[in-house]
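Open the model in your viewer and keep a selection command ready. The tour moves from one selection to the next.

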Amino acid sequence: LYLSLVQSLDPLPMHGRDLGVHPDDLMETPEPEQESKQEVLENKDVVVQHVNIQGLGRTQEDLLGYEISDVFHAKNLIDVMKKAHVARQRLLRLGIFKDVEVLIDTSEGADALPNGLDVTFEVTEVKRLTGSFVKRLTTLVLGLKLPNMFGRAEKLTFQFSYGTKETSYGLSFFKPQPGHFERNLTLNMYKVTGQFPWSSLKETDRGMSAELNFPLGMTNHTLKWEGVWRELGCLARSASFAVREESGHSLKSALSHTVSVDSRNSAIFPSRGALLRINQELAGYTGGDASFLKEDFELQLNRRLFWDSVLSASLWGGMLYPIGEQPTCIADRFYLGGPTSVRGFGMYSIGPQSEGDYLGGEAYWAGGLHLYTPLPFRPGKGGFGDLFRTHFFLNAGNLCNLNYGEGPRAHLQKLAECIRWSYGAGIVLRLGNIARLELNYCVPMGVQSGDRICDGVQFGAGIRFL
């Protein structure tokens with residue numbers, strides 16, 4: 001946006017007797033009309049007369065009208081710039097444009113007002129078909145996407161993953177509500193095969209789901225229905241009899257609701273804010289042979305201290321209540337232990353077990369206290385070094401089965417028995433804003449008979465950490 005007058009850089013001619021003119025006669029007088037327009041744009045209100053979008057192909061214009069409409073409500077130049085920037089971010093959020101540029105200029109034409117502005121968004125649409133191929137240590141992942149299928153930010157995604165312990169493929173369709181991207185519907189069809197060596201169990205799931213996401217005030221909600229045909233089998237001949245009893249086919253049809261409030265400034269390395277997530281799942285009332293009520297929650301609080309250090313506290317908990325006389329399935333129970341929960345213990349190796357196979361539990365809690373600090377001497381400050389943190393931690397938790405014929409006091413007493421806990425220190429690496437890696441030195445305490453421990457160095461990678 002060119003708002004200032006362009007002044008000539010050529011030197012003025014020397015005045016004197018040879019020129020025969022007065023020096024004041026050589027000064028150029030600015031054009032009154034141009035000076036007036038500059039003053040209007042800089043110091044007075046403006047009117048956005050036109051908003052144009054250039055570069056559209058298959059995208060429907062009515063979809064974008066919701067995202068850029070606020071630009072027309074701008075009252076001054078600074079407001080136009082702010083609202084245009086917000087509109088640009090909203091357009092990129094749709095996932096249908098590779099690039100969006102904003103141009104602001106004075107209005108031209110017969111209907112142009114003295115204080116009128118035109119805003120132009122120059123967009124570059126993503127390709128009709130995009131693909132990705134990722135080779136990890138033990139997994140190959142192939143993905144195909146058809147973004148903006150029908151011109152209103154719909155997306156069809158196919159993903160195939162093959163690994164030594166898990167093979168899966170799925171087809172997903174995503175549809176947002178025009179003007180309210182946070183309100184969206186997702187339909188899924190999938191097949192997932194996984195191996196769980198801590199339980200000597202392998203599981204194959206074939207299912208479909210429908211998921212509705214929407215905000216409500218300060219909270220975000222997810223309503224979901226899932227129908228899945230589960231096939232459980234033994235991973236090894238040495239599997240315990242308790243695991244063999246669980247083998248076979250089952251059908252689960254469940255409704256679930258998740259509500260969350262997240263005020264953190266980062267999902268991986270938050271320095272302030274809090275997170276509260278509550279999930280409820282009800283199975284059996286819409287069909288299937290699995291019947292239960294499952295509740296779990298997650299709470300996290302973060303506070304910045306001195307020298308860029310952060311104190312973080314987390315609390316997890318959950319309960320699984322069987323409905324009817326049929327016991328709960330090993331695939332529905334909670335599991336605890338490992339580098340992403342109670343550090344210093346083996347992966348999911350806390351709680352009920354049979355002949356070395358861990359069976360999960362129907363109730364659990366886990367808490368963690370962390371002190372995150374920058375790396376000593378701050379190497380790579382402002383760059384690569386900011387991806388790392390040192391942390392000191394204290395974790396505790398318990399996993400057990402409850403006798404639901406007893407009262408709440410007996411349940412709390414059992415959860416307070418045989419508490420496992422650990423402490424230690426380590427280094428954390430942030431991978432984008434999605435996942436993180438940890439390398440810790442752990443000291444497990446409160447070890448019970450049958451628990452597997454990892455005394456010393458432990459490595460962990462994941463999305464959700466205690």
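Leaving aside neighbours within four places in sequence, which residues is Leu-142 in contact with? Select Leu-142 and look for Ser-132, Phe-133, Phe-158, Gln-159 and Phe-160, which are its contacts once those neighbours are set aside. This is a predicted model, and the contacts are read from its coordinates. Leu-142 sits in strand E5, residues 139–147. Its relative accessibility is 36%, so Leu-142 counts as partly exposed. Add Gly-131 to the selection: eleven residues separate Gly-131 from Leu-142 in sequence, and their C-alpha atoms are 7.6 Å apart.

Next, select residues 46–126. The unreviewed UniProt entry places the feature "domain: POTRA" on this stretch. In the model, residues 46–126 are 31% helix and 35% strand. The C-alpha atoms at the two ends of the stretch are 34 Å apart.

Move on to Ser-200, in the loop that joins strand E8 (180–196) to strand E9 (201–216). Is Ser-200 buried or exposed? With a relative accessible area of 10%, Ser-200 is buried. Beyond its neighbours within four places in sequence, Ser-200 is in contact with Gly-233, Cys-234, Leu-235, Ala-236, Ala-239, Val-243 and Asp-357.

One of those contacts, Cys-234, is the next selection. Cys-234 is partly exposed, at 21% relative accessible area. Why does Cys-234 form no bond with the closest cysteine sulfur? That sulfur belongs to Cys-329 and is 13 Å away, too far for a bond; the cut-off for a disulfide is 2.5 Å. Now select Cys-400 and Cys-418. Cys-400 is in no disulfide either, as the nearest cysteine sulfur, that of Cys-418, is 8.9 Å away. Cys-400 counts as buried, at 8% relative accessibility. By the 2.5 Å rule, the model has zero disulfides.

The last stop is the second largest pocket, with a volume of about 620 Å³. Centre the view on Ser-266, Ala-267, Ile-268, Phe-269 and Pro-270, which lie nearest the centre of this pocket among its 31 lining residues. Then colour strand E12 (273–288), strand E13 (292–304), strand E14 (310–322) and strand E17 (363–373), each of which supplies at least two residues of the lining. Which of these strands gives the most to the lining? E13 does, with four residues. Colouring the lining by residue class shows twelve nonpolar, eight polar and eleven charged residues.

Technical notes: Residues are numbered from 1 along each chain as its sequence is written. This is a predicted model: local features need pLDDT of at least 70, side-chain atom pairs count only at pLDDT 80 or more; totals for chains, interfaces and linings use all residues. Side-chain values use heavy atoms; hydrogens and water are left out. Buried means under 20% relative accessible area, exposed over 50%, partly exposed in between (1.4 Å probe, protein chains only). Contact means heavy atoms within 4.5 Å. UniProt positions are given in the numbering used here, feature names are shortened, and annotations may be inferred rather than shown by experiment. On a 1 Å grid over the protein atoms alone, a cavity is a set of points where a 1.4 Å probe fits but cannot get out, and a pocket is an open set with protein on both sides within 12 Å along at least five of seven lines; lining residues have an atom within 4 Å of a point. Grid points are joined across faces, edges and corners, and a volume is the space filled by probe spheres set on the points. Ala, Val, Leu, Ile, Met, Phe, Trp, Tyr, Cys and Pro count as nonpolar, Asp, Glu, Lys and Arg as charged, and the others, Gly among them, as polar.
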